[in-house]
Amino acid sequence: MSNGSYCTEHQQLADQRRAEQLKGANKRYNRTREESDKFYSTAAWRRFRDYILITRPLCVDCEVEGLVVPAVVVDHIKPYKERPDLGLDEANVRGLCRPCDNRRRHDRRGRD
């Protein structure tokens with residue numbers, strides 16, 4: 001996994017440090033994940049998701065561009081982890097196609 005900035009000996013140390021950092025970051029993320037994962041596996045969410053996709057069948061982002069693309073993802077505008085009280089609020093969700101959902105997730109992580 002050498003990127004050319006370290007000699008072979010020190011690259012191994014840098015790779016080990018990076019692996020430890022990622023391990024810690026994943027532990028912090030996974031602590032809150034279990035709670036939100038439970039929500040997304042409930043019958044209430046599945047019924048709500050199906051209802052949204054039936055009543056709003058098109059990707060909202062594509063519609064803005066004048067495209068007609070089916071929505072396959074129900075996305076929370078205010079993330080469930082931050083506002084679980086809005087988990088089943090129709091005003092807090094939008095239908096997206098997979099590419100638009102991926103783009104929005106990418107943007108939320110602060111990358112361009």
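**Exercises on aromatic pairs and a nonpolar core**

At a relative accessibility of 12%, Tyr80 counts as buried in this predicted model.

**Exercise 1.** Classify Tyr40 and Tyr80 as buried, partly exposed or exposed.

*Solution.* Buried requires under 20% relative accessible area, and exposed requires over 50%. The 12% of Tyr80 therefore makes this residue buried. Tyr40 has a relative accessible area of 35%, so this residue is partly exposed.

**Exercise 2.** Determine how many aromatic pairs the structure contains, and assign the geometry of Phe39 with Trp45 and of Tyr40 with Tyr80.

*Solution.* Step one is the search of the whole structure, which yields six aromatic pairs. Step two concerns Phe39 and Trp45: their ring centres are 5.4 Å apart and their planes meet at 50°, so this pair is tilted. Both Phe39 and Trp45 are buried. Step three concerns Tyr40 and Tyr80, whose ring centres lie 5.8 Å apart with planes at 65°. Planes over 60 degrees apart count as edge-to-face, so the Tyr40 and Tyr80 pair is edge-to-face. Step four locates the partners: Tyr40 belongs to helix 1 (residues 8-40), whereas Tyr80 lies in the loop between strand 1 (73-76) and strand 2 (93-96). The pair therefore ties together parts that are 40 residues apart in sequence. Finally, one aromatic cluster is formed by Phe39, Tyr40, Trp45, Phe48 and Tyr80.

**Exercise 3.** Identify the members of the largest nonpolar core and the element that gives its largest share.

*Solution.* The largest nonpolar core has nine residues: Phe39, Trp45, Phe48, Ile52, Leu53, Ala71, Val74, Tyr80 and Val93. Helix 2 (residues 43-55) supplies the largest share, four residues. Another core, of five residues, lies apart from it and includes Cys62, Leu96, Cys97 and Cys100. As for Trp45, its contacts, leaving aside residues up to four places away in sequence, are Phe39, Tyr40, Val74, His76, Gly87 and Leu88.

**Exercise 4.** Test the length of helix 2 against expectation, and establish where its buried residues sit around the axis.

*Solution.* Helix 2 has 13 residues, and at 1.5 Å a residue it should span 18 Å. The expected span is 1.5 Å times one less than the number of residues. The end C-alpha atoms of helix 2 are 18 Å apart, which agrees. Next, the buried residues of helix 2 are Trp45, Phe48, Ile52 and Leu53. These cover an arc of only 130° around the axis, so they lie on the same side of helix 2. On the other side of helix 2, Arg47 and Ile54 are exposed.

Notes:
Residues are numbered from 1 along each chain as its sequence is written. This is a predicted model: local features need pLDDT of at least 70, side-chain atom pairs count only at pLDDT 80 or more; totals for chains, interfaces and linings use all residues. Side-chain values use heavy atoms; hydrogens and water are left out. Rings of Phe, Tyr and Trp (its six-membered ring) pair if their centres lie within 6.5 Å; planes under 30 degrees apart count as stacked, over 60 as edge-to-face and the rest as tilted. Buried means under 20% relative accessible area, exposed over 50%, partly exposed in between (1.4 Å probe, protein chains only). Helices (H or I, at least four residues) and strands (E, at least two) are DSSP runs, numbered from the N terminus. A nonpolar core is a set of buried Ala, Val, Leu, Ile, Met, Phe, Trp, Tyr and Cys residues joined through side-chain atoms within 4.5 Å. Contact means heavy atoms within 4.5 Å. The arc is that of the directions from the helix axis to the C-beta atoms.
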